[in-house]
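The following exercises are intended for a reader who wishes to practise reading a protein model step by step. Please inspect the sequence and the structure before turning to the solutions.

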Amino acid sequence: RSLPQVTREEATMPEITKNVTFDTIAREWRLKWDTKETLGAVQEQLDAVKSEMKGLKGLKGVQRVVCGGCLDYKVIVSLDASAFGDWEATKFAPEAKFLEAVSKIKGVSKVETQTFTLMPVEL
């Protein structure tokens, strides 16, 4: 009787429960903005740290989410789960630089961060 084929990713994928596994960990930087001028100033600060994010080991992607209805601005930085600890050890650089800069912008409020896992859902 032969064993099922298991990919390297499946063999090393962390699990929260038997049926909840992940290979990606993300860090979200989020805030509220009040005017389009404020929103533009926030985007300038993201643009200012892009080059630092490009060099992150294990980087899978960076997404920006903007909601014009509830005035949310979110940046989601996704890394391979295996590389996340190294980034965490740097205190998520350039997170502090970005958060400090946006916190000084008039009209920005509720500056927060969150860490979570991400996985595609097979349909």
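The exercises below concern this predicted model, and each is followed by a worked solution.

**Exercise 1. Describe the order of the secondary-structure elements and the overall dimensions of the chain.**

Solution.
Step 1. Count the elements: the chain contains 4 helices and 6 strands.
Step 2. Read them from the N terminus on, which gives the order α-β-β-β-α-β-β-α-α-β.
Step 3. Consider the extent of the C-alpha trace, which spans about 65 × 30 × 20 Å along its principal axes.
Step 4. Compare the radius of gyration with the globule rule: a compact globule of 123 residues would be near 14 Å, but this chain has 17 Å.

**Exercise 2. Characterise the burial, the contacts, the surface and the charges of the chain as a whole.**

Solution.
Step 1. Begin with burial, where the cut-off is a relative accessible area under 20%. Of the 123 residues, 32% are buried.
Step 2. Turn to the contacts with a separation of 6 or more; residues 24 or more positions apart account for 71% of them.
Step 3. Examine the surface: about 8,300 Å² is exposed, and carbon and sulfur atoms supply 52% of this area.
Step 4. Finally, consider the charges. There are 18 positive and 18 negative side chains, and the centres of the two sets lie 2 Å apart.

**Exercise 3. Determine which side of α3 is buried, and identify what covers it.**

Solution.
Step 1. List the buried residues of α3 (81–89): they are A81, A83, F84 and W87.
Step 2. Inspect their directions around the helix axis. Because these residues cover an arc of only 135°, they lie on the same side of α3.
Step 3. Look at the face turned away from the buried side, which carries the exposed residues S82 and A89. S82 has a relative accessible area of 70% and is therefore classed as exposed.
Step 4. Identify the cover: it includes β3 (24–32), β5 and β6 (109–118).
Step 5. Relate S82 to a position distant in sequence. The C-alpha atoms of S82 and M13 are separated by 9.0 Å, although the two residues are 69 residues apart along the chain.

**Exercise 4. Carry out the corresponding analysis for α4.**

Solution.
Step 1. Collect the buried residues of α4, namely E95, F98, L99, A101 and V102.
Step 2. Judge their arrangement: these residues cover an arc of only 165° around the axis, so they are on the same side of α4.
Step 3. Name the packing partners of this buried set, which are β3, α2 (36–54), β5 and β6.

**Exercise 5. Where do the backbone features in question occur: the cis peptide bond, and the positive phi of residues that are not glycine?**

Solution.
Step 1. Recall the general expectation: most residues other than glycine have a negative phi, and most peptide bonds are trans.
Step 2. Locate the cis bond. It joins A93 and P94, with omega about 10°. P94 belongs to the loop between α3 and α4 (95–103).
Step 3. Examine K91, which is not a glycine yet has a positive phi of about 60°. K91 follows α3 and is found in the loop between α3 and α4. With 67% relative accessibility, K91 counts as exposed.
Step 4. Examine L71, likewise not a glycine, whose phi is positive at about 60°. L71 lies in the loop between β4 (59–67) and β5 (72–80). Its relative accessible area is 24%, so L71 is partly exposed.

**Exercise 6. Describe the surroundings of two loop glycines, G107 and G69.**

Solution.
Step 1. Place G107 in the loop between α4 and β6. G107 is partly exposed, at 21% relative accessible area.
Step 2. List the contacts of G107, leaving aside neighbours within four places in sequence: K32, W33, D34 and T38.
Step 3. Consider the distance from G107 to L39, which is 68 residues away along the chain; their C-alpha atoms are 8.8 Å apart.
Step 4. Place G69 in the loop between β4 and β5. G69 is exposed, with a relative accessible area of 71%.
Step 5. Consider the distance from G69 to Q43: these two are 26 residues apart along the chain, and their C-alpha atoms are separated by 17 Å.

Note on methods:
Residues are numbered from 1 along each chain as its sequence is written. This is a predicted model: local features need pLDDT of at least 70, side-chain atom pairs count only at pLDDT 80 or more; totals for chains, interfaces and linings use all residues. Side-chain values use heavy atoms; hydrogens and water are left out. The radius of gyration is taken over C-alpha atoms; the globule rule is 2.2 Å times the number of residues to the power 0.38. Buried means under 20% relative accessible area, exposed over 50%, partly exposed in between (1.4 Å probe, protein chains only). Contact means heavy atoms within 4.5 Å. Accessible areas come from the Shrake-Rupley method with a 1.4 Å probe; for residues, only the protein chains shown count as cover. Lys and Arg count as positive and Asp and Glu as negative; His and the chain ends are not counted. The place of a charge is taken as NZ of Lys, CZ of Arg, CG of Asp or CD of Glu. The arc is that of the directions from the helix axis to the C-beta atoms.
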